[in-house]
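User: I should like to understand how the terms used to describe a protein structure are justified. May I ask about them one at a time?

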Amino acid sequence: MNEKPALSNLAAIDAAHHLHPFSDMKELNARGTRVIERGEGVFIYDTSGKRYLDAFAGLWCVNVGYGRKSIAEAAYRQMQDLPYYNTFFGTTTPPATLLAQKIASHAGERLKRVFFTNSGSEATDTWFRMARVYWKALGKTEKTQVIARRNGYHGSTVAGASLGGMKLMHEQGNLPIEGIHHIGQPYWYAEGGDLSPAEFGLKVAGELEAKIDELGEDRVAAFVAEPIQGAGGVIIPPETYWPEIARICKARNVLLVVDEVICGFGRLGAWFGHQYYGVEPDLAPIAKGLSSGYLPIGGVLVSDRVADVMVDELGDFYHGFTYSGHPVSAAAALENIRIIEEEGLVARVRDDIGPYFAAAWKSLEDHEVVGQAESVGLIGGLQLAADKATRRRYRKPDDIGTLVRNHCVENGLIMRATGDRMLASPALTISRSEIDEVIGKLRNALDHLRDTVE
Ligand code: PLP
């Protein structure tokens, strides 16, 4: 075994050699990188030994918590048997095939097949190509346009960043690419005006129908959305939204793509977000909770509607990744799903810890700076507000969220901020007392905001 390298000067080495995703490197190098060394349950520890309660499960992904030896052992065993083989050209490996079966067993009647990738972004590129290939195979060569939402997030590849509705991402690299269109998001607090949430849900879903009309039904291949918009700020749609979206896609013969990268594998108290909202996607990208982040793996769940055409009409699908269905990642994912099943984590989120979290999270609405605290299962979005009564927002939303987040981190709580929204997405194994710790520390940070900003 290799000796562990000295950790004392890692921050300096990092500043010299490591470019980080989604980071202002100048600012990061000046501040010094936080070096996380180990994790156990919902806690992570940095190289100074400081403990943090990770209320974000890494990046919405460590669903079974840190430190699961059995996942490490499953990966180790698989590495000894067969560290790598591919799934191209008529081959597979036992874990890749068994994992596809296992995922399908939880995904419902019409989603029986899986195409593997290494990440959510690759899953996005995969369904994007599949949607176009599907319509082409049916002779509808004009059906190529894809509709997505402002403030959505679907990854960082060129197609992913284009489908996402993040202005700052679009500005870097002349995005979106051709053939992608954006409609509004179901963000009632900020954009609902005088409408009730239910009215607003229908109105914003109606933008899909209007966009299909504008582009022409015969040109639109697919619509994509996250069940709950994650990176956009945990935007939980009004309950009228999803049924109307599903109705429109069906009526207009447009493929419905539900991005399950965050919501899949139990986060909403259902195996998948589309089950929680009662809609049936034609394609559904997955990643993150599939392996709880222990190893990189993603995929696309493919409905019979699309898969039957791909199998019967298409011939070769000229698409794939060297590591599609990587056997070690697949073995880790299989063990991860076994844990979710054995510990009943999906039901735990639905019936026990989710309702506890919901009540604790909601209790924050009594705070002066909180406009709204919403959650589903173990995902929560907290709207900060300068004036609760009028839903008036702070003048510099990004600074406000960052202020609260930094206070949390200093006090040993990992939270994320998107603008003036605080986001939580802890491991599905989090205990009641750990939730109490999250709420207590977040409340202190909210007090700090109240006491420092007008
Ligand atoms: N889709 C959604 C909804 C996501 O939240 C993310 C990542 O956060 C992605 C896709 C991209 O996944 P990855 O970072 O694994 O490429």
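User: In which loop is Phe 89 found?

Analyst: The model is a predicted one. In it, Phe 89 is found in the loop between helix H4 (69-81) and helix H5 (94-107). Phe 89 has a positive phi of about 45 degrees although it is not a glycine.

User: What makes the peptide bond from Leu 175 to Pro 176 cis, and where is Pro 176 found?

Analyst: The peptide bond from Leu 175 to Pro 176 has omega near 5 degrees and is cis. Pro 176 is found in the loop between helix H8 (167-171) and strand E6 (180-183).

User: Why are H10 and H11 called roughly parallel to each other?

Analyst: Packed helices are described by two quantities, the angle between their axes and the distance between the axes. Helix H10 (residues 197-215) and helix H11 (residues 241-251) pack at an angle of about 20 degrees, and their axes are 8 Å apart. Angles under 35 degrees count as roughly parallel. The two helices, H10 and H11, are therefore roughly parallel to each other.

User: Which residues make that contact, and what is the handedness of the crossing of H10 and H11?

Analyst: H10 passes H11 in a right-handed crossing. On the side of H10 the contact is made by Gly 201, Leu 202, Val 204, Ala 205, Leu 208 and Glu 209, and on the side of H11 by Tyr 241, Glu 244, Ile 245 and Ile 248. The residues of this contact of H10 with H11 divide into seven nonpolar, one polar and two charged.

User: What makes H6 oblique to H13?

Analyst: H6 and helix H13 (residues 304-314) pack at an angle of about 60 degrees, with 10 Å between their axes. Because this angle falls outside the ranges for roughly parallel (under 35 degrees), roughly perpendicular (65 to 115) and roughly antiparallel (over 145), H6 is oblique to H13. H6 passes H13 in a left-handed crossing.

User: Which residues of H6 and H13 meet, and of what kinds are they?

Analyst: Met 130, Val 133, Tyr 134 and Ala 137 in H6 meet Val 306, Val 309, Met 310, Glu 313 and Leu 314 in H13. The residues of this contact of H6 with H13 divide into eight nonpolar, no polar and one charged.

User: What does H6 contribute to the shell around the ligand?

Analyst: Helix H6 (residues 120-137) provides three residues, the largest share of that shell. Of the 16 residues around the ligand, Ser 119, Gly 120, Ser 121, Gly 155 and Val 261 come nearest. By kind, the shell divides into six nonpolar, eight polar and two charged residues.

User: What makes E11 and E14 edge strands?

Analyst: Four strands form an open, antiparallel sheet in the order E11-E12-E15-E14. Strand E11 (370-376) and strand E14 (416-418) each pair on one side only, and they are the edge strands. From one strand to the next, the twist averages 20 degrees.

User: How do you know that E12 and E15 pair?

Analyst: Strands pair if at least two bridges are found between them. Strand E12 (residues 379-384) and strand E15 (residues 421-424) are joined by four bridges and run antiparallel; E12 and E15 therefore satisfy the criterion. Leu 382 stands opposite Met 422 in E15.

User: Which helices lie across the strands of this sheet?

Analyst: Helix H16 (residues 353-362) lies across E11 and E12 and runs at about 175 degrees to E11. Helix H17 (residues 397-410) lies across E12, E14 and E15, and runs at about 175 degrees to E14.

User: What is the pairing of the sheet E1-E2-E3-E13, and which strands show it?

Analyst: The pairing of this open sheet of four strands is mixed. Its edge strands are strand E1 (36-40) and strand E13 (413-414). E1 is joined by four bridges to strand E2 (residues 43-46), and the two run antiparallel. Three bridges join E2 to strand E3 (residues 51-54), again antiparallel. E3 and E13, however, pair in the parallel sense over two bridges.

User: Which residues stand opposite one another in these pairs?

Analyst: Arg 38 stands opposite Tyr 45 in E2, and Tyr 45 stands opposite Arg 51 in E3. Leu 53 stands opposite Leu 413 in E13.

User: What do E2 and E3 form, and what is found in the turn?

Analyst: E2 and E3 form a hairpin with four residues between them. Gly 49 in the turn has a positive phi of about 90 degrees.

Conventions. Residues numbered from 1 in each chain as written. Predicted model: local features only at pLDDT ≥ 70, side-chain atom pairs only at ≥ 80, totals over all residues. Near = placed C-beta within 6 Å. Nonpolar A, V, L, I, M, F, W, Y, C, P; charged D, E, K, R; others polar. Axes fitted to C-alpha atoms, helices over the stretch in contact; angles between N-to-C directions. Left-handed = near helix turned anticlockwise from the far one by under 90°. Contact = placed C-beta atoms within 7 Å.
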